[in-house]
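Here are my notes on this model, set out as numbered points for someone reading a structure of this kind early in their studies. Please keep the structure open beside the text while you go through them.

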Amino acid sequence: MSERFSIGQLADLPDGAGVRVEAFEHRIAVFRIGDDVYAIGDRCSHAEASLAEGELFDKDVECPRHGSAFNVETGEPDSFPATRPVPVYTTEVADGEVFLTIEEAS
Ligand code: FES
């Protein structure tokens, strides 16, 4: 089962920064990079800091607590101390509106 929902207009998202979205019991970090939108789990896999509050460097977001960098396309950390990926969510921009999809294991 999956849930697809709108989070608003692309133009309202800050370019090059994160926004936290909570929906269907998921805490999601959404990043706009130009016309592209990426969404990963907001809780860092190391100690649950909010990745939406991290700083973006290209397509990596740096965890604000201990500095692990997570790729916003793959959810994979590419530096310690985090070693496990965070979830990745499907994003879509249609007519300027941004949609996320949460896939639930059935
Ligand atoms: S909480 Fe993110 S690296 Fe430790």
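1. From the N terminus on, the elements of the protein chain run β-β-β-β-β-β-β-β-β, and the radius of gyration is 13 Å, close to the 13 Å that the globule rule gives for 106 residues, so the chain is as compact as a globular protein of that length. Please bear in mind throughout that this is a predicted model. Put as a count, the protein chain has nine strands and zero helices.

2. On overall dimensions, the C-alpha trace of the protein chain spans about 40 × 35 × 20 Å along its principal axes. Buried residues make up 26% of the 106 residues, where a residue counts as buried if 20 or more other C-beta atoms lie within 10 Å of its own. If we take the contacts with a separation of 6 or more, residues 24 or more positions apart account for 44% of them.

3. Before turning to individual strands, it helps to recall that strands of a sheet pair through backbone hydrogen bonds, either parallel or antiparallel. Strand β3, which covers residues 26-33, runs antiparallel to strand β4, residues 36-41, and six bridges join the two. One of the residues to look at here is Ile 28, whose bridge partner in β4 is Gly 41. The hairpin of β3 and β4 has two residues between the strands, and in this hairpin Gly 34 takes a positive phi near 65°.

4. Which strand, besides β3, should the reader follow from β4, given that two bridges join them? That strand is β8, residues 88-94, and β4 and β8 run antiparallel. Within this pairing, Ala 39 stands opposite Tyr 89 in β8.

5. A further group to examine is an open sheet of three strands in the order β5-β6-β7, with antiparallel pairing. Strands β5 (55-57) and β7 (69-71) stand at the edges and have a single partner strand each, which means that one side of each is left without a neighbour in the sheet. Neighbouring strands of this sheet are turned by 30° against each other on average, when direction is ignored.

6. Within that sheet, how many bridges connect β6 and β7? Strand β6, residues 60-62, pairs with β7 in the antiparallel sense over three bridges, and at one position in this region Asp 60 stands opposite Asn 71 in β7.

Notes. Residues numbered from 1 in each chain as written. Predicted model: local features only at pLDDT ≥ 70, side-chain atom pairs only at ≥ 80, totals over all residues. Pairing = 2+ DSSP bridges. Helix = DSSP H or I, 4+ residues; strand = E, 2+ residues; numbered from the N terminus. Axes fitted to C-alpha atoms, helices over the stretch in contact; angles between N-to-C directions. Rg over C-alpha atoms; globule rule 2.2 N^0.38 Å. Buried ≥ 20, exposed ≤ 12 C-beta atoms within 10 Å, placed from the backbone. Contact = placed C-beta atoms within 7 Å.
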